[in-house]
Amino acid sequence: MLTPLVSVLLLLGLLITLFGAVRRVMLWRRGKPFEVNVWAGLSSIPRRYLVDLHHVVARDRAIAHMHVATAGGFVAAMVTLSVIYLLGLDNSVMHLVALIACAVMLLGAQLVAKRRRLVPTHLSTGPWMRLPKSLNVFAGTFLLVSAFGLFGIDTLPSILLVLLGLAMIAGMGEMLLGMTWGGPMKHAFAGALHLAFHPRPERFGGGQSTGLRPLDLTEPHLGVAKSTDFHWNQLLGFDACVQCGRCEKACPAFAAGQPLNPKKLIQDMVVGMTGGSTTAYHGSAHPGQEQQLGEKVICGGPEQSLFEGLLDPDTVWSCTTCRACVEECPMMIEHVDVIVDLRRYLTLEQGATPGKGPDMLENLIATDNPNGNPPLQRHNWAVDLHIPLMAEVKQADVLLWAGDGAFDMRNQRTLRALVTLFRRAKVDFAVLGNEELDCGDLARRLGDEATFQRLARTNIHTLSQYTFRRIVTADPHAFHILKNEYPDFGGNYDVCHHTQLLAELVDQGSLKLNPFQELSVTYHDPCYLGRYNGGYEAPRSLLRAIGINIKEMERSGYRSRCCGGGGGAPVSDVAGKRRISDMRMDDVRHTGAEIVVVACPQCSLMLEGVVEPRPEVRDIAELLLEALPPQVQHFQSGEVEAS
């Protein structure tokens with residue numbers, strides 16, 4: 001009697017789960033079209049799950065072990081039980097495999113229970129608190145069923161059959177039905193399909209994909225106002241959220257007390273997609289909006305504007321686009337894309353860019369730079385350096401992209417140091433001079449896609465008139481835009497950051513440097529060089545080349561804390577409890593370093609804006625200039641004194 005009972009309940013559970021899956025898919029498909037290769041995507045799930053996803057999960061070994069045991073045991077148990085009871089392959093070997101799988105899952109369930117005893121603030125509670133019990137019920141019940149099958153026991157007392165049946169229903173209710181009908185296990189079903197139909201498939205297999213997608217400016221509605229304005233696989237990605245709170249822990253805006261919690265944002269998007277209210281959410285709120293949780297019912301729906309109660313615009317404008325949330329997300333959800341899509345609506349449709357945003361965008365339209373500087377003064381920083389202009393020489397090995405740091409006296413020091421280093425290494429380089437326009441980074445991150453596309457196309461047209469091997473810039477934002485976002489408009493270039501070229505010159509022996517005797521230094525990773533483009537090693541190799549033993553901050557490399565200067569955050573200027581730059585400088589102070597080395601003009605401005613006393617802020621090019629051998633540290637025609 002046991003075999004028919006298990007067979008019927010398994011079949012019924014799978015059918016109800018399948019019906020729920022169809023219902024969930026129909027919800028996702030209400031989003032905008034996005035072309036995918038269905039069979040290629042589905043076949044890629046095992047590799048993406050076991051390699052790419054677990055590469056992120058494994059950063060915390062305890063969580064990785066818990067996940068492997070629980071998820072691996074569950075999948076193996078379900079497959080084996082289905083083969084036994086639905087396909088009829090009933091033998092002792094299969095029952096033994098099922099028993100082992102259930103035992104492994106049961107072990108994983110104990111690890112889940114241990115994690116839930118003292119719940120960290122970033123973990124969601126509510127329905128998630130019952131998950132250890134559900135895992136134990138499912139694994140324990142089918143462990144017994146497998147044991148009975150292994151020993152050939154099929155006839156049981158009626159009361160035991162009833163209890164086993166109820167336990168199987170309870171276990172499958174969470175583990176199967178919950179995957180497609182809603183509950184803590186929803187992420188399992190949606191997560192697998194999210195990996196298959198990810199909006200950025202280039203991220204898998206060790207690749208990178210960080211450039212924003214172009215917006216079709218001919219569309220009747222620009223940006224995202226309601227959930228159905230998202231692409232359907234973005235909606236799928238929202239359901240994949242496991243509410244682990246890794247994004248919340250990593251977010252600099254959340255830590256600063258600004259009204260943004262990436263986890264809550266994604267859950268708000270789920271409410272916007274499915275309807276209902278935010279009362280089902282049991283996690284941290286957006287800072288400053290805690291009273292909304294449990295006290296105020298906020299509803300959403302597929303055809304309702306996300307900004308009509310569900311989402312505060314300040315939440316969207318708090319983001320620095322640093323991608324710390326994306327980097328830490330074990331389900332590889334693209335939070336930044338969501339935020340920029342929402343900003344595009346606010347800026348292009350509503351004209352609701354906050355703070356100094358409207359002025360900056362107006363300046364970009366009128367003068368092609370955000371601060372409204374006279375365009376014909378862009379090249380003034382180098383008037384005494386006699387740098388070749390591309391308009392005159394027509395070709396060069398390296399095109400030096402100055403960026404808007406050319407208007408700022410602080411960052412002109414970096415550019416002038418870089419010119420000297422290039423000349424010492426005999427680099428054949430030239431600049432665009434006044435022909436260069438803003439790369440468009442600020443406009444795009446503030447949601448003004450129209451201004452960005454105009455700037456991009458104009459710059460690409462200018463660049464098309466000249467011959468060069470690669471573009472080099474000291475600005476990671478320009479580096480990223482030119483490398484990863486201009487190709488969508490026909491601008492395909494070999495682009496590198498100044499630290500990358502300098503490291504190459506040092507390795508080749510073209511740039512000779514003397515090591516410092518003693519220097520107390522830490523290094524701050526710029527988000528747009530590091531997380532956006534993987535540029536972690538070149539700056540460090542340069543510091544090692546001049547004899548510096550870097551005092552690494554606790555949050556460095558891919559976990560570096562943002563300086564607060566990206567994504568237009570200084571322009572939108574959403575209030576918080578602290579400034580992100582102050583928190584980053586605290587990270588610097590904890591190392592005991594006297595100098596913090598940066599490789600980004602925006603990072604220089606943000607960190608030098610911290611009230612003294614504080615460590616000195618130096619760009620890496622300035623430090624390398626001081627390391628030039630004494631015999632070449634004198635003023636030559638067209639060069640800068642090292643002092």
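Is Cys562 buried or exposed? With a relative accessibility of 3%, Cys562 counts as buried. Keep in mind that this is a predicted model. Its cysteines are a handy place to start, and the charged pairs come after.

**Cysteines**

If you're hunting for disulfides, a search of the whole structure turns up zero. Take Cys527, which is in no disulfide: the nearest cysteine sulfur belongs to Cys562 and sits 3.8 Å away. Why doesn't the pair count? Seen from Cys562, the closest cysteine sulfur is the one in Cys527, and 3.8 Å is too far for a bond, because a disulfide needs the two sulfur atoms within 2.5 Å. Cys527 is buried too, with a relative accessible area of 9%.

**Salt bridges**

Side chains of opposite charge can pair when their charged atoms come close. Here, the structure holds 42 salt bridges. Three of them are set out below.

| Salt bridge | Closest N to O distance |
|---|---|
| Arg24 and Asp239 | 2.7 Å |
| Glu219 and Lys32 | 3.5 Å |
| Arg614 and Glu612 | 3.9 Å |

Let's look at Arg24 and Asp239, whose closest N and O atoms are 2.7 Å apart. Arg24 belongs to helix α1 (residues 2-28) and Asp239 to helix α9 (residues 232-239), so this salt bridge ties together parts that are 215 residues apart in sequence. Both partners are tucked away: Arg24 counts as buried at 7% relative accessibility, and Asp239 is buried at 0%.

Next up is the bridge between Glu219 and Lys32, at 3.5 Å. This pair also links distant parts of the chain, 187 residues apart: Glu219 is in the loop between α8 (186-196) and α9, while Lys32 is in the loop between α1 and α2 (38-43). Glu219 counts as partly exposed, with 26% relative accessibility, and Lys32 is partly exposed as well, at 25%.

Then there's Arg614, which meets Glu612 at 3.9 Å, N to O. Glu612 is exposed, with a relative accessible area of 59%. Elsewhere, salt bridges with shared partners join Asp341, Arg344, Asp441, Arg444, Arg445, Glu449 and Glu485 into one network.

**A look at Asp368**

Where does Asp368 sit? You'll find Asp368 in the loop between α16 (357-367) and α17 (390-393). Despite the loop address, Asp368 counts as buried, at 16% relative accessibility. As for who's around, setting aside neighbours within four places in sequence, Asp368 is in contact with Asn363, Arg378, Leu437, Asp438, Arg454 and Leu455.

How values were computed. Residues are numbered from 1 along each chain as its sequence is written. This is a predicted model: local features need pLDDT of at least 70, side-chain atom pairs count only at pLDDT 80 or more; totals for chains, interfaces and linings use all residues. Side-chain values use heavy atoms; hydrogens and water are left out. A salt bridge is a side-chain nitrogen of Lys or Arg within 4 Å of a carboxyl oxygen of Asp or Glu. Helices (H or I, at least four residues) and strands (E, at least two) are DSSP runs, numbered from the N terminus. Buried means under 20% relative accessible area, exposed over 50%, partly exposed in between (1.4 Å probe, protein chains only). Contact means heavy atoms within 4.5 Å.
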